[in-house]
Amino acid sequence: MKGGEKQVHITLRAARANLGLTRKEAAKLFNIHHETLANYEADSSRVPRSFFVKIEKIYGISPDFIYFGKEETHYYKLRSQLKQHA
């Protein structure tokens, strides 16, 4: 990556949605309950390693491109960046 360029990150919800998977479908692939996946999507800061290592295989995206933290914080930061560039 060139100097000054920012790496784009997407949320777990966006990674799932990009594949057209429902939360229940994705949870089944991860072998977790769909409500657990909902919690991970809302705040991915504490996903267990067993989940983390499956992300690339299931979603087809490296965890390096996933935002890990509270989803609302990610979107707040993105909105702030857009306002700065407007």
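Mentor: Before we look at a helix, note that a residue is called buried under 20% relative accessible area, exposed over 50%, and partly exposed in between, using a 1.4 Å probe and protein chains only. This is a predicted model, in which local features need pLDDT of at least 70 and side-chain atom pairs count only at pLDDT 80 or more, while totals for chains, interfaces and linings use all residues. Residues are numbered from 1 along each chain as its sequence is written, and side-chain values use heavy atoms, with hydrogens and water left out.

Trainee: Which residues of helix α3 are buried, and which are exposed on the other side?

Mentor: An α-helix has 3.6 residues a turn, so residues three or four places apart point the same way. In α3 (residues 34-42; helices are DSSP runs of H or I, at least four residues, numbered from the N terminus), the buried residues are Leu37, Tyr40 and Glu41. Seen down the axis, they fall within an arc of 100°, so they line one face of the helix, the arc being that of the directions from the helix axis to the C-beta atoms. Glu35 and Asn39 are exposed on the other side of α3.

Trainee: How many aromatic pairs does the structure hold?

Mentor: Rings of Phe, Tyr and Trp (its six-membered ring) pair if their centres lie within 6.5 Å, and planes under 30 degrees apart count as stacked, over 60 as edge-to-face and the rest as tilted. The structure holds four such pairs. Phe30 and Phe51 are stacked, at 4.2 Å centre to centre with 25° between the planes, and both residues are buried.

Conventions: Helices (H or I, at least four residues) and strands (E, at least two) are DSSP runs, numbered from the N terminus.
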